[in-house]
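Ready for some practice in reading a protein model? Keep the picture beside you and try each task before you look at its solution.

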Amino acid sequence: MGRSATAGSKLLPEDVRRHNRTLVLQTLLDAGPRSRADLARETGITRVTMSDLVGDLLGEGLLRELGLRTGPGPGKPSMQVDIDRRSSLIVGIDVSDHVVFRGALLSLDGEILVRATRSAEGANGAEALRRVVELAADLVDSSPRPVLGIGVATPGIVDDRGLVLSAPNLGWTGVDLSSSVRAATGVPCHVANDADLAALAERSIGESAADIVLVRIGRGVGAGILLDGRIRHGSASSAGEIGHVIAGADDGPLCICGKRGCLETWLAAPRLTAAIAAAGAGSAEAVLSSAGERLGLVLSPVIAALDPDEIVVNGPPELVSDSLVEATNRTIHARTTDAFHGHVAVRRSTLGLDATLLGAAARVLEVELGLT
Ligand SMILES: [Zn+2]
């Protein structure tokens, strides 16, 4: 986001200030409370500058003083400072589920403090937008502290300004979700693809490998692609849109995109739930195993092309079952060469349905404070 100087350009004083500020916040976030002197030594910022910087951050309420304590090194007790993790809060919203729109108030270190939902059933187009904006406004109103920003995870294709170019399952085309939420709440809003945000959360909180493909099963199906720890968006913000790849040579069910047999028609949460209901409870695992095979079919060339460390599957826990994960694993290893890709494992996300909310909060920290 242009935070570092490009070759040949001059660093402006405000760039230096912003960089130093991020460095101090990131150090405290990663390493915990420190004295001003420790911070100066660890960041390479002079003690005088550090003293001013910490003073500014205390004034803004982003830091707090913890009292005199002995630091990690030798020497006299000194005043320790830390991020005031509840000085301001973050609103996270996930609109990728077909049953409920999920929202939460989170602390700066990603603890979910309050949850709220709105029904997503029957919500399409303008009505879906209205409910999401209302959920965001209610969470901002209920926050006991100022809200730093709102992060929204949406299915579909989102450009780098947060415009939802296409989310067919919500009936959205060219919807300026971030502006609508900002206009209703007065708080900055950052919108991104749900699978991308879940992949970010897996990396920053779930401690996944740096090269992963995260498959997100919700209202639709999509993937977040993380290479060298960075999300890949592709040439038209569509990287990871595996949901509309036809999965198999047979004539599958009709998809919302007009084709037949897209991965989404086998694997999206509403389709899987309906297929299990139709097959009877005793056949649930067979339905999930068959869906897992379709996923493996679509993922195999992706794995051959990208050579990731692991595939993480995130979605409703009752659907992301052992049978589904095992069938995906089996199919991938049957269709790729173990000499190259034998190490690639498919696993369930450890963050469950909160992955998108945590990713949305991480996105707010990244954009508003430069923290990763
Ligand atoms: Zn389709």
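## Exercise 1: A small sheet

In β10, Trp172 is the bridge partner of Ala167. Keep in mind that this is a predicted model.

**Task.** Starting from this pair, find out how strand β9 and β10 run, and which strands are the edge strands of their sheet.

**Solution.**
1. Strand β9 covers residues 164–167, and 3 bridges join it to β10. The two run antiparallel.
2. Now look at the whole sheet: 3 strands form it, in the order β8-β9-β10. The sheet is open and its pairing is antiparallel.
3. The edge strands are β8 (157–158) and β10 (172–175), since each of them pairs on one side only.

As a reminder, strands of a sheet pair through backbone hydrogen bonds, in either the parallel or the antiparallel sense.

## Exercise 2: An enclosed strand

**Task.** Locate strand β15 (residues 310–314) and explain why it is largely enclosed by the rest of the structure.

**Solution.**
1. Apply the cut-off: a residue is buried if 20 or more other C-beta atoms lie within 10 Å of its own.
2. In β15, 4 of the 5 residues are buried, so the strand is largely enclosed by the rest of the structure.
3. Next, look for its partners. Strand β12 (residues 212–217) pairs with β15 in the parallel sense over 5 bridges. For Leu214, the bridge partner in β15 is Val312.
4. Strand β16 (residues 345–348) is also parallel to β15, and 4 bridges join the two. Here Val312 has Arg347 as its bridge partner in β16.

## Exercise 3: The whole chain

**Task.** Describe the protein chain as a whole: which domains does the domain assignment give, and how does the radius of gyration relate to that of a compact globule?

**Solution.**
1. Begin with the elements: the chain has 12 helices and 16 strands.
2. The domain assignment gives domain 1 (13–83), domain 2 (89–198 + 355–369) and domain 3 (209–349). Between the C-alpha centres of domain 1 and domain 2 there are 32 Å.
3. For the extent, the C-alpha trace spans about 70 × 50 × 45 Å along its principal axes.
4. A compact globule of 372 residues would have a radius of gyration near 21 Å; the chain has 23 Å, so the value agrees.
5. Buried residues make up 42% of the 372 residues.
6. Finally, take the contacts between residues at least 6 apart in sequence: 61% of these join residues at least 24 apart.

Note on methods. Residues are numbered from 1 along each chain as its sequence is written. This is a predicted model: local features need pLDDT of at least 70, side-chain atom pairs count only at pLDDT 80 or more; totals for chains, interfaces and linings use all residues. A residue is buried if 20 or more other C-beta atoms lie within 10 Å of its own, exposed if 12 or fewer, and partly exposed in between; C-beta atoms are placed from the backbone. Two strands pair if DSSP finds at least two bridges between them. The radius of gyration is taken over C-alpha atoms; the globule rule is 2.2 Å times the number of residues to the power 0.38. Two residues are in contact if their C-beta atoms, placed from the backbone, lie within 7 Å. Domain bounds come from an automatic or database domain assignment.
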